[in-house]
Amino acid sequence: MFKTGNIFIDAFTQGLVFIPLLPVIVILIRSIYQKDVLTFLMILCLLNFIGSLILWIPKTNKLSLIPVQNIFSLLELLVLLQIFKSALSGRPREFLKIFLIALLSASVTYYSLQGMDRTSMLIASLQDGIILVITATSLLHLIRNNHLYIFHSPLFWIAVGTLFYFVMTALLDVAGRNFMQLPSSNTTDKVILLNIASLIRYFFYTLAVLFYHSSRSSDNTPLF
């Protein structure tokens with residue numbers, strides 16, 4: 001994990017490793033882990049926690065982490081697409097199912113040919129772009145069709161948190177994707193911004209769990 005040299009910022013960054021567990025804990029306390037998209041939300045949070053925990057392991061070779069980052073970023077994309085699929089219906093939903101299969105096949109083929117130990121800016125940008133498009137589309141669909149009880153829909157809060165985080169990530173990528181090639185002051189600022197974006201992301205995910213009401217939520221379509 002990248003260290004800024006500032007003890008407070010580094011401590012905050014390390015503490016954020018455990019933030020994804022907050023929605024999971026609330027889901028377990030409320031015993032709604034088998035409800036709608038919350039099952040996949042719990043899987044998503046656990047994946048991100050494990051991925052961050054691996055990066056936090058001291059004395060880990062940076063090159064050995066590239067396959068781990070590739071795998072977890074792909075899994076995050078697939079879980080997010082599975083979550084937002086429930087906001088769609090009809091042809092868009094069927095199209096997304098086909099797209100999920102095609103995406104998984106293409107990713108497996110690419111990494112089989114190129115190897116999991118290679119970092120591709122194109123693949124990473126493509127994955128983030130897909131997440132942004134699907135999240136924005138699902139959010140607009142929810143607002144248009146579920147405005148009465150929109151705040152009781154976990155999909156709404158998940159979409160807001162996801163959109164905020166990946167928009168911030170995209171903006172920071174434009175400023176400079178590789179932190180190690182930037183002045184240390186700019187790198188520290190970007191780490192802080194990413195930490196704040198991550199904190200806000202899981203704050204919204206926690207709201208998705210807290211505001212969930214099964215009797216009012218319309219997100220009851222099958223996830224598979």
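Modeller: A residue counts as buried under 20% relative accessible area, as exposed over 50%, and as partly exposed in between. The model discussed here is predicted.

Biologist: Why is Phe203 called partly exposed?

Modeller: Phe203 has a relative accessible area of 49%. Partly exposed means a value between 20% and 50%, so Phe203 is partly exposed.

Biologist: Is Phe204 buried or exposed?

Modeller: Phe204 has a relative accessibility of 17%. The cut-off for buried is under 20%, so Phe204 counts as buried.

Biologist: What makes the rings of Phe203 and Phe204 an edge-to-face pair?

Modeller: Two rings pair if their centres lie within 6.5 Å, and those of Phe203 and Phe204 are 5.7 Å apart. Planes over 60 degrees apart count as edge-to-face. The planes here are at 65°, so the pair is edge-to-face. Both residues belong to an aromatic cluster, together with Phe151, Phe156, Trp157 and Phe211.

Biologist: How do you know that Tyr165 and Phe166 are edge-to-face?

Modeller: Their ring centres are 5.2 Å apart, with 90° between the planes. The distance is within 6.5 Å and the angle is over 60 degrees, so the pair meets both conditions. It belongs to a count of 9 aromatic pairs. Tyr165 is buried at 18% relative accessible area, and Phe166 is buried at 4%.

Biologist: What sits over the ring of Tyr165?

Modeller: The charged end of Arg201 does, at 4.7 Å from the ring centre. The distance limit for this is 6 Å, and 4.7 Å falls within it.

Biologist: What makes Glu76 and Arg201 a salt bridge?

Modeller: The closest N and O atoms of Glu76 and Arg201 are 2.8 Å apart. The limit is 4 Å, so the pair qualifies. Glu76 lies in helix 4 and Arg201 in helix 8, so the salt bridge ties together parts 125 residues apart in sequence. Glu76 is buried, with a relative accessible area of 11%, and Arg201 is buried at 3%.

Biologist: How many salt bridges does the whole structure have?

Modeller: A search of the whole structure finds 2. Glu94 and Lys97 also form a salt bridge, with the closest N and O atoms 3.7 Å apart. That value is within 4 Å, so this pair qualifies as well. Glu94 and Lys97 are 3 residues apart in helix 5, and therefore separated by about one helical turn. Glu94 is partly exposed at 43% relative accessible area, and Lys97 is partly exposed at 26%.

Biologist: Which residues have the most contacts inside the largest nonpolar core?

Modeller: They are Leu41, Leu81, Ile83, Phe84, Ile158 and Tyr205, in a core of 48 residues. Among the helices that each supply at least two residues of this core are helix 3 (38-56) and helix 8 (184-210). Helix 4 gives the most, with 9 residues. In soluble globular proteins, nonpolar side chains tend to be buried together.

Biologist: Which residues does Ile158 touch?

Modeller: Leaving aside residues up to four places away in sequence, Ile158 touches Val37, Leu41, Ile83, Phe84, Tyr205 and Ala208.

Biologist: What span does helix 3 reach, and what is expected?

Modeller: Helix 3 has 19 residues and reaches 27 Å from its first C-alpha to its last. The expected span is 1.5 Å times one less than the number of residues, and for helix 3 this comes to 27 Å, so the span is close to the expected one. The buried residues of helix 3 include Leu41, Asn48 and Gly51.

Key
Residues are numbered from 1 along each chain as its sequence is written. This is a predicted model: local features need pLDDT of at least 70, side-chain atom pairs count only at pLDDT 80 or more; totals for chains, interfaces and linings use all residues. Side-chain values use heavy atoms; hydrogens and water are left out. A nonpolar core is a set of buried Ala, Val, Leu, Ile, Met, Phe, Trp, Tyr and Cys residues joined through side-chain atoms within 4.5 Å. Buried means under 20% relative accessible area, exposed over 50%, partly exposed in between (1.4 Å probe, protein chains only). Helices (H or I, at least four residues) and strands (E, at least two) are DSSP runs, numbered from the N terminus. Contact means heavy atoms within 4.5 Å. Rings of Phe, Tyr and Trp (its six-membered ring) pair if their centres lie within 6.5 Å; planes under 30 degrees apart count as stacked, over 60 as edge-to-face and the rest as tilted. A charge sits over a ring if NZ of Lys or CZ of Arg is within 6 Å of the ring centre and within 35 degrees of the ring normal. A salt bridge is a side-chain nitrogen of Lys or Arg within 4 Å of a carboxyl oxygen of Asp or Glu.
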